[in-house]
Amino acid sequence: MAEALCNGVVASPYGGGDVGVAGRARGAAKAALAESLPVGGYATKSSFSAGRMSVSDRKPRPLSRNLEAAAAPGQMNLSFPKAMRWWEKGLHPNMREIESAQDLADSLLNAGDKLVVVDFFSPGCGGCRALHPKIAQFAEKNPDVLFLQVNYETHKSMCYSLHVHVLPFFRFYRGAEGRVSSFSCTNATIKKFKDALAKHGADRCSLGPARGLDESELMALAANRDLQFTYQKPGLVPLAEAIAKEAAAPGGPWLPLPASATQQLLGHHGSDNSLLSSGR
């Protein structure tokens, strides 16, 4: 027995083999393996030198509904601010974009004695883009002037009818005079715009209602089948009716005439059936 102990070998009473240095090594390996296995589904001490490791067979906690909606592919609702287009920058209350041919005609007629500047532009026109900040400055310095923008790409058919074939292009309208100026200019020739604004923007009183577009332009717009625009050429009306209509028009230059004066005019022209053009 003593000799066996000295040799490190002793018989196991259970017949399980020798117990000694080799047995202790096998026991240490079994203990290390036991430490690395999960016990009841909870974290146990690991044999790794890095520290502890979590080993678990528990199911993960479900995500909240908000997180599930955010994580679902194709269901993310991200909103980004719409980028402002260059012709929408620096606008003032007296600047707006025209929506149709009818809108243009009505805006000119409703402007009264105001000077109206119609700015024809295109989003891809470099000269239009370079000139826009200066036009906005003119609008800020002249709040009584109405600036109307016409997008050539959106209203190409209308621009053809109005004989606009070069950009940037401007038309000036003023009260009963109708169109008073028409030209194209760039940053290099901006003086042309300044001179026209100074000449036609001065305070004055128009003798009659706003004229708006020329009759030839109105007829060209009405003949364009791509546009939803109607225009009826004015016919001839009796002289007395024409006088009464002009006298009652907003900003009309005449006061109501007495009956005696009306009779004199009618007698001078022959009869009540004398006809005059009613204008627009």
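Is W87 buried or exposed? Select W87 to find out: the residue is buried, with a relative accessible area of 7%. Bear in mind during the tour that this is a predicted model.

**Stop 1: the tryptophans**

Keep W87 on screen and add W86. A search of the whole structure finds eleven aromatic pairs, and W86 and W87 form one that is edge-to-face. Their centres are 5.4 Å apart, with 85 degrees between the planes. W86 counts as buried as well, because its relative accessibility is 10% and the cut-off for buried is under 20%.

**Stop 2: F170 and F183**

Now select F170 and F183. These two rings form a tilted aromatic pair, 6.1 Å centre to centre and with 35 degrees between the planes. F170 belongs to strand β6 (residues 169-174) and F183 to strand β7 (residues 178-184), so the pair ties together parts that are 13 residues apart in sequence. F170 counts as buried at 1% relative accessibility, and F183 counts as buried at 8%.

To see what else the rings touch on, add F138, F172 and F193. Ring pairs link F138, F170, F172, F183 and F193 into a cluster.

**Stop 3: the β6-β7 hairpin**

Show the backbone of β6 and β7. The two strands run antiparallel and are joined by six bridges. Select Y173 and look across to β7: R179 stands opposite. Then move to the turn, where three residues lie between the strands of the hairpin. Pick G175 there; this glycine takes a positive phi near 45 degrees.

**Stop 4: helix α7**

Select residues 190-200, which make up helix α7. Colour I190, F193, A196, L197 and H200, the buried residues of this helix. Look down the axis of α7: the buried residues fall within an arc of 120 degrees, so they line one face of the helix. The general background is that an α-helix has 3.6 residues a turn, so residues three or four places apart point the same way.

Next, colour K191, A198 and K199 in a second colour. These residues are exposed, on the other side of α7.

**Stop 5: what α7 packs against**

Which elements do the buried residues of α7 pack against? Display β4 (115-121), α5 (126-141) and β5 (146-151), and keep β6 and β7 visible: the buried residues of α7 pack against these elements. F193 is a good residue to finish on, since F193 is one of the buried residues of α7 and also a member of the ring cluster with F138, F170, F172 and F183.

Terms used: Residues numbered from 1 in each chain as written. Predicted model: local features only at pLDDT ≥ 70, side-chain atom pairs only at ≥ 80, totals over all residues. Heavy atoms only, no water. Phe/Tyr/Trp six-rings, centres within 6.5 Å; stacked < 30°, edge-to-face > 60°. Buried < 20%, exposed > 50% of the residue type's maximum accessible area, 1.4 Å probe, protein only. Helix = DSSP H or I, 4+ residues; strand = E, 2+ residues; numbered from the N terminus. Arc of directions from axis to C-beta. Contact = heavy atoms within 4.5 Å. Pairing = 2+ DSSP bridges.
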